[in-house]
Structures are given as structure tokens and as C-alpha cells.
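Open your viewer and keep the sequence panel beside it. We will go from stop to stop, with something to select at each one.

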Amino acid sequence: MRLLFLNDFLDLVFPRTCPQCGRALLDFEHCLCTMCQGSLPLANFHLRPYDNELTSKVMGLTQVNRVMSFLRFSKKGKSQKLLHQLKYRNRPEIGVEMGRLYGIALIHGGYRDEWDVIVPVPLHPVKQRRRGYNQSEKFADGLSTAIQIKKSNLLERRKFTDTQTKKSRLQRLDNVEEVFGLRSQEEISGLRILLVDDVITTGATLCACANVLLANGAKNVDLATIAAGG
Ligand SMILES: [Zn+2]
């Protein structure tokens, strides 16, 4: 009883709000409000994971298996606002919730036994310290809980890459090469890996990470992101 009272009190002083519309959340709503959750722009790429606009994007960059995304990304759209809050407004729970929701969709799509481990794309340690968390790891945490597959931080980021938006596709590819590596002492041969990131734009980052995993003996690598676009 005392705990319930304390929660009510905290809600009154610091109301939990929906990161999408800003409305105060009801008790049973744990991240998004019901309305916003019901109107997420679903991409459903997991329903045709070998042949969609994302698979054509990564073709030639890596030998990945399946490529999928939970949401469609559009500038000024709903997923853009969510991702912005996740990355820059200290709302790590959005990543966990997106992972949980996508995990449920993946189970319904028959993906319960497809992977041995979920691996997030790492942030540079300096950037992670500044932000306080890695948004991709939060997505991995939600997926891990929903699908019941362990998460493992197998990769590390060795170079600090600056924002890449003004560079050409080729420059970007050069830039991410040798940025990522396997953490020492990790044995990954034969593993079926789900590699996850917050967003896929050119696919260069995800492909660089996938190539590290494949070069070290992973059996196959599938890619999943919160949102896809650009
Ligand atoms: Zn809302």
C-alpha cells in the first residue's frame, strides 16, 4: 500500500508522459500511450525478410541473411520523434519498449528459435558515457526479454566516428571500416546472430559489424532495427 501511495505521489509531482504525444500516461501504460502504440508506423519487413527494400540496400556490402525493421522512418514522422527522444532526451525505456513490442511481433512471425544471441551495435565509450546508455543495447534488452534469447556485447567500437550525414556513400563505407572489432576472448564460431541497431539508413554501420562477426566464424547474421528510412 505504501509503495502504491508513493508511486501515485511521484506521478503527481513528476508525471510520466508519452514520448510521442506528451500526454500523461495512465497506470497501465508503461511507455507509449495506448493511442500512440496503436498507430505506430509498422514496417513488417520480417514478413519478407529476404527480399525487401532493406535487403537490396545491404546487397554487396555483406553476406547477411535477413534484414528487418520494426518501424518505417520518416523525417518529422512518428518514428523520428521516438528515436529523437530515445537518443537525445534521456528516454532509454523507449528502446526497451520498442524491443519488447518487436520481439512479440517476431515470435508471432515464427522467429522464436532463429538465433543464439542478440548483439547490439556498440557506441564509442566516450559517446556512451555522455549519453548514459547505448540506445541499440536498450533495443536489444527489450528483444532479449521478449524472445528469451540472451544479449551479448560481442563488439566494440575502436574509433570515434563523427556524424556521417554529409559524406558520400563511398566515404561512409571507408569511414566505418576497421571502426568495429570483436571484444577479445570471445568465441562466436557457429553462432546464429541477430545484430541490432536503432536505425538503418545506408546500412554501412550494420554491414561493417556483420562482417566482423562473419569473419570470426558466426554461422549467419540477421539484421534488425527499430526504424528504417532515408
Ligand atoms: Zn501518446
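Where is the place of N52? Select N52 and you will find yourself in the loop between α2 (34-38) and α3 (53-58); helices here are DSSP runs of H or I with at least four residues, strands are runs of E with at least two, and both are numbered from the N terminus.

Before going on, a note on the ground rules. This is a predicted model, in which local features need pLDDT of at least 70 and side-chain atom pairs count only at pLDDT 80 or more, while totals for chains, interfaces and linings use all residues. Residues are numbered from 1 along each chain as its sequence is written, and side-chain values use heavy atoms, with hydrogens and water left out.

**Stop one: the loop between α2 and α3**

Stay with N52 and show its side chain. N52 is buried, at a relative accessible area of 5%; buried means under 20%, exposed over 50%, and partly exposed in between, with a 1.4 Å probe and protein chains only. Now add R48: its backbone oxygen lies 3.0 Å from the side chain of N52. Add F45 and V67 too, since N52 is in contact with both when neighbours within four places in sequence are set aside (contact means heavy atoms within 4.5 Å).

Next, select D51, which is in the loop between α2 and α3 as well. Unlike buried N52, D51 is exposed, with 60% relative accessibility. Try a distance label from D51 to R66: their C-alpha atoms are 8.3 Å apart, and 15 residues separate the two along the chain.

**Stop two: helix α4**

Select residues 78-88, which form α4, and colour its buried residues: S79, L82, L83, Q85 and L86. On which side of α4 do they sit? They are on the same side, because they cover an arc of only 160 degrees around the axis, taking the directions from the helix axis to the C-beta atoms.

What do the buried residues of α4 pack against? Bring up β1 (67-72), α5 (92-108), α7 (135-147), β5 (192-200) and β6 (220-228) to see their partners.

Keep α4 and α5 on screen. Their axes come within 7 Å and cross at roughly 130 degrees; axes are lines fitted to C-alpha atoms, for helices over the stretch in contact, and angles run from 0 to 180 degrees between N-to-C directions. That makes α4 oblique to α5, given that angles under 35 degrees count as roughly parallel, over 145 as roughly antiparallel, 65 to 115 as roughly perpendicular and the rest as oblique. To light up the contact, pick L82, Q85 and L86 of α4 with P92, I94, G95 and M98 of α5.

**Stop three: two positive phi values**

Move to N90, in the loop between α4 and α5. Its phi is positive, near 55 degrees, and N90 is not a glycine. Most residues other than glycine have a negative phi. N90 counts as exposed, at 55% relative accessibility.

Then jump to Q148, in the loop between α7 and β3 (155-157). Q148 has a positive phi of about 65 degrees, and at 65% relative accessibility it is exposed.

**Last stop: the whole chain**

Zoom out and show the cartoon: the chain has nine helices and six strands. Colour by burial, and buried residues make up 47% of the 230 residues.

Conventions. A polar contact is a pair of N or O atoms within 3.5 Å; within protein, one must be able to donate a hydrogen and the other to accept it, and residues adjacent in sequence count only if both atoms are side-chain atoms.
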